[in-house]
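Work through the exercises below with the sequence and the structure open beside you. Each task is followed by a solution in steps.

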Amino acid sequence: MKPSIFFRTFAVATMAAGVLVAGMASAAPDKANVAIVVRDFSNPYWQALRDGAIAEGKKLGVPVTVQAGNNETDTVGQNNKISTMANQPYNCYGVVPVNGTNVITPLLPISRRGTPIINLDTALDAKAVKQSGLKLASFIGSDNSQAGHIAAEHMLEALDGKGKVAILEGIPGEQNGIHREKAFRKAVKGKLDIVQATPADYKRSKALSKTEAILRAHPDIKGIFAANDLMGLGAARAVLNAGKKGQITVISIDGVTEAIKAVKKGTLSATISQYPYAEGEMAVQACQKVVQGKQVPDDITSPIKLITQDNADQALKAFPKPFFSFTDPFGQP
Amino acid sequence: MTVSARVARYLPLRDPTFWGDNAALIGLILIGAGFSVLSPYFLTWGNITALLVSASILIVLASAQQFTIVAAGIDLSIAANLPWTAVVFGLVFNAGWGIATAIIAAILAGALVGTINGLIIARLKVTDFIATLGMLGVMSGLALIASHGQSFSVFSGFLQTLALDAIGPIRYFYLIALAVVIAAHVLFKHTAFGTHVLATGGNREAARNMGIPVDRMRVAVYAINGALVGVAGVLLVARTGGADPSIATNELLTSIAAVVLGGSSLFGGRASMLGTVAGALVLTTLLNGFTLLQVSSFYQPIAVGLVVIAAAVLSRFQK
């Protein structure tokens, strides 16, 4: 029996594609071809990471593709992106996982064929990585505990070391938020009175309504710590609506443009700026190094900075890049 | 004889009901053909495998959804039942009870939620939409409570094999989805139970008059739906390496979209497992192709939405 037209076409197409893949992969072995998968693009934080990576790719002449899931908790969608991109001729992958484990399984086939993978922003669960046999070339991310600690110190200073505060938490179970909150709690223990901690899922509208409820339940509250800027902006709005601007200190973490502008205006007391843009740049730099067979550090800490009214202008001017110098193992980008 | 004339002899292309009945399958072929022209990677075995693996969880969830939709119901609680079964699975396994017990626990936990849905709907006469919307809230809270609001790692060699290994070129992961689909197909088309369920969905009063225990049928479809969500929960943990209590809204919406794409009516009485699988594959293929072509994520839901509407328009021509 003769093979059907469909089968023959399919076989030819498959072979052609195979040849093409092999050709593209071997054409430039010393040049990175970077694929980055982040959580979602509706959060300006991940947009900044994407923009940093793409800008650095242009600078180095390295092709960079950035994809994302549908939302902050889209574990499966993110996996499907990785599985799809695993079959394209990328030779270095950067991934911001949704949680401590979700991307490990789809990354394993990539890791097993020896392609370098860089864990970005949110650290994968070290034990799960080891158990699964996943190999990571490096971790690039900011120290979220440190960010929580800085937020706490600023809160203590603003409140003269005493008073009632509330915490707006991120999505339950999200690691970065947990580290931020833990460090904050540790630093204010015995000084500030945390009267309430409630998740607002990193969302502005949810933070607004939760803060309104908090203000009703605790009219004498002095400070609100939000685990990200979108929630901080929501809380600041609720404070403004309640006519309590200036009486309640709102501090959040991330340093998105709108938050820095709010700090400048005084509705938000401070934001601890992380630099996802720099993370994106460093990810591409690290990929280029690894692909060229050079060593990169296992753990690269990206910069963070407390932004208050004093330096908000400076921060805005340089945005999305850091306005201060920091240690970049790849040289100042 | 020209090719088109030959094709026309076998396929009733001028008959609008042909297009209506096979909307998802035709869509899948067209979309697949389009992507294979646009991307050299689309028709590689590696990518087809990735596509089928990516579609597996959705196929199982859409099969679960199919059971309720056939009976003129709908299950919104899937978005919370899925993480709930994943959390139960993870907790039981991490407590050292072994993989088999954990799988059974996940399926039972899901079936329990489904049964409660069914009882609220059939006994307390609450509409499906409201009952499952209520359970969506209840179960998402319980999943958070059971997991202390934390996602946690669940590692086992068995799960890794399930997620990554293959018999020859066939991955275990989608074999499970295939098994679920075949079982559901047989149940709908070749058993008395299936006939009764279809009758219940098609015309409840007529079914009741024929002596079909309509209420029991409705509880049964929700129980099966829940058990299948449990199966999907196990696949989810295998694929994501852990249990995450976050609500799975995407999975809920795509499971309904897949069934509707597949030609099943939301008013019940129609089951097409082939259509549902094709529907799930259409949705997954769109995302796969767009990712290969590096189309921005913002455009992807637009395409998915348009395809769902197009399929619904075509399905007006169903027999």
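The exercises that follow concern a predicted model.

**Exercise 1. Describe the fold content and overall dimensions of chain B.**

Step 1. Chain B contains 15 helices and four strands.
Step 2. For 319 residues, a compact globule would have a radius of gyration near 20 Å; chain B has 20 Å, so the value agrees with the rule.
Step 3. The C-alpha trace of chain B spans about 65 × 55 × 35 Å along its principal axes.
Step 4. Of the 319 residues in chain B, 55% are buried.
Step 5. Take the contacts in chain B between residues at least 6 apart in sequence: 76% of them join residues at least 24 apart.

**Exercise 2. Do the same for chain A.**

Step 1. Chain A has twelve helices and twelve strands.
Step 2. The globule rule gives 20 Å for 333 residues, and the radius of gyration of chain A is 22 Å, which is close; chain A is therefore as compact as a globular protein of that length.
Step 3. The principal-axis spans of the C-alpha trace of chain A are about 85 × 45 × 35 Å.
Step 4. Buried residues account for 56% of the 333 residues in chain A.
Step 5. Among contacts in chain A between residues at least 6 apart in sequence, the share joining residues at least 24 apart is 74%.

**Exercise 3. Characterise the surface and charges of each chain.**

Step 1. Chain B has an accessible surface of about 13,200 Å², and carbon and sulfur atoms hold 73% of it.
Step 2. For chain A the accessible surface is about 13,700 Å², with 54% on carbon and sulfur atoms.
Step 3. Chain B carries 15 positive and 9 negative side chains, and the centres of these two sets are 10 Å apart.
Step 4. Chain A carries 38 positive and 29 negative charges, whose mean positions lie 4 Å apart.

**Exercise 4. How much area do chain B and chain A bury between them, and which residues of chain B lose the most?**

Step 1. The size of an interface is often given as the accessible area lost when the parts come together.
Step 2. Here chain B and chain A bury about 3,500 Å² between them, 53% of it on carbon and sulfur atoms.
Step 3. On the chain B side, B:Tyr41, B:Arg239 and B:Thr291 lose the most area to chain A, together 18% of what that side buries.
Step 4. The contact involves 39 residues from chain B and 46 residues from chain A.

**Exercise 5. Place A:Lys321 in the segment after helix H12 of chain A.**

Step 1. Helix H12 covers 312–318, and A:Lys321 is in the segment after this helix.
Step 2. A:Pro320 also lies in the segment after H12, and a cis peptide bond with omega about 0° joins A:Phe319 to A:Pro320.
Step 3. Partly exposed means between 20% and 50% relative accessible area; A:Lys321 has 41%, so it counts as partly exposed.
Step 4. Beyond its neighbours within four places in sequence, A:Lys321 contacts A:Tyr275, A:Tyr277 and A:Glu281.
Step 5. The C-alpha atoms of A:Lys321 and A:Gly52 are 8.5 Å apart, although the two residues are 269 apart in sequence.

**Exercise 6. Examine two non-glycine residues with positive phi, A:Asp160 and B:Gln294.**

Step 1. Phi is near 55° for A:Asp160 and near 60° for B:Gln294.
Step 2. A:Asp160 sits in the loop between helix H6 (144–158) and strand S6 (163–169) of chain A.
Step 3. B:Gln294 sits in the loop between helix H14 (273–292) and helix H15 (300–314) of chain B.
Step 4. A:Asp160 is exposed, at 63% relative accessible area, whereas B:Gln294 is partly exposed, at 43%.

Conventions
Residues numbered from 1 in each chain as written. Chains lettered and ligands numbered in written order. Predicted model: local features only at pLDDT ≥ 70, side-chain atom pairs only at ≥ 80, totals over all residues. Heavy atoms only, no water. Helix = DSSP H or I, 4+ residues; strand = E, 2+ residues; numbered from the N terminus. Rg over C-alpha atoms; globule rule 2.2 N^0.38 Å. Buried < 20%, exposed > 50% of the residue type's maximum accessible area, 1.4 Å probe, protein only. Contact = heavy atoms within 4.5 Å. Areas by Shrake-Rupley, 256 points an atom, 1.4 Å probe, with all protein chains shown as cover. Lys, Arg positive; Asp, Glu negative; His and termini not counted. Charge placed at Lys NZ, Arg CZ, Asp CG, Glu CD. Buried area = accessible area lost by both parts, 1.4 Å probe.
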